[in-house]
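Colleague: I should like to learn how to read a model of this kind, feature by feature. May we begin with the structure itself in view?

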Amino acid sequence: MTSQREEVKIGPNDILRFVLELFAFVSLGLWGFLAWPLPWPGVLIGIGAPVLAILVWALFRSPKAVFRLDPFGKAIIEIFVFGAAALAWWDLGQPIVAVVFAVVATASGVISGRRELS
């Protein structure tokens, strides 16, 4: 008997998307701690915002998601998480970081979405 394993091909866009996900989660945490007064509600939002984003991502968008969505549903989740991160940078007074992140995330999402649809 031979066991055949399905080889997973990881491309440059996959690596970029992983970095964008991590950056979005860290951005939401920073926003919570920096934009809100400490200790409360800053600590709650600083921990809660990234935890909520990670939970939504794990349930609906990750490769091993609990709930399977079509590519358009995945795009909505992605827009929600990445858009929240971009808005967090904007709220922190860093519009350049917000715009660059939004443009890179959008380009990467379009490339990934087109690959999923084909």
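Colleague: How many helices and how many strands are there in the chain?

Modeller: Please keep in mind that this is a predicted model. The chain contains four helices and zero strands, and its elements run α-α-α-α from the N terminus on. Along the principal axes, the C-alpha atoms fill a box of roughly 60 × 30 × 20 Å. Of the 118 residues, 31% are buried. Among contacts with a separation of 6 or more, 58% are between residues 24 or more positions apart.

Colleague: How should one describe the way two helices pack, and at what angle do the axes of α1 and α2 cross?

Modeller: Two packed helices are described by the angle between their axes and by the distance between those axes. Here, helix α1 (residues 12-35) and helix α2 (residues 42-61) have axes that come within 6 Å and cross at roughly 155 degrees. An angle over 145 degrees counts as roughly antiparallel, and α1 and α2 are therefore roughly antiparallel to each other. The crossing of α1 past α2 is right-handed.

Colleague: Which residues of α1 and α2 make the contact?

Modeller: On α1, the contact is made by Arg17, Glu21, Phe25, Leu28, Gly29, Trp31, Gly32 and Phe33. On α2, the contributors include Val43, Ile47, Pro50, Ile54, Trp57 and Arg61. By class, this contact has 12 nonpolar, four polar and three charged residues.

Colleague: Which residues are buried in α1, and what covers them?

Modeller: An α-helix has 3.6 residues a turn, so residues three or four places apart point the same way. In α1, the buried residues include Asn13, Arg17, Leu20, Glu21, Ala24, Phe25 and Leu28. The cover over the buried residues of α1 includes α2, α3 and α4. As to its length, α1 has 24 residues and reaches 33 Å from its first C-alpha to its last, close to the 34 Å expected at 1.5 Å a residue.

Colleague: What is the span of helix α3, and which of its residues are buried?

Modeller: Helix α3 (residues 71-91) reaches 30 Å over its 21 residues, close to the 30 Å expected. Its buried residues are Gly73, Lys74, Ile77, Glu78, Val81, Phe82, Ala85, Ala86, Ala88 and Trp89. The elements that cover them include α1, α2 and α4 (95-117).

Colleague: Why does Lys74 count as buried?

Modeller: Residues under 20% relative accessible area count as buried. Lys74 has 16% relative accessibility and therefore counts as buried. Lys74 touches Phe60, Arg61, Leu69 and Glu116, not counting residues up to four places away in sequence. By contrast, Val100 lies in helix α4, and at 49% relative accessibility Val100 counts as partly exposed. The C-alpha atoms of Val100 and Ala86 are separated by 8.8 Å, although these residues are 14 apart along the chain.

Colleague: What should one look for in the backbone, and which residues does a cis peptide bond join?

Modeller: Most residues other than glycine have a negative phi, and most peptide bonds are trans. A cis peptide bond joins Leu38 and Pro39, with omega about 0 degrees. Another cis peptide bond joins Trp40 and Pro41, with omega about 10 degrees. Pro39 is found in the loop between α1 and α2, and Pro41 also has its place in the loop between α1 and α2.

Colleague: What is the sign of phi at Gly93?

Modeller: Gly93 follows α3, and its phi is positive, near 85 degrees.

Terms used
Residues numbered from 1 in each chain as written. Predicted model: local features only at pLDDT ≥ 70, side-chain atom pairs only at ≥ 80, totals over all residues. Heavy atoms only, no water. Axes fitted to C-alpha atoms, helices over the stretch in contact; angles between N-to-C directions. Parallel < 35°, antiparallel > 145°, perpendicular 65-115°, else oblique. Left-handed = near helix turned anticlockwise from the far one by under 90°. Contact = heavy atoms within 4.5 Å. Nonpolar A, V, L, I, M, F, W, Y, C, P; charged D, E, K, R; others polar. Expected span 1.5 Å × (residues − 1). Buried < 20%, exposed > 50% of the residue type's maximum accessible area, 1.4 Å probe, protein only.
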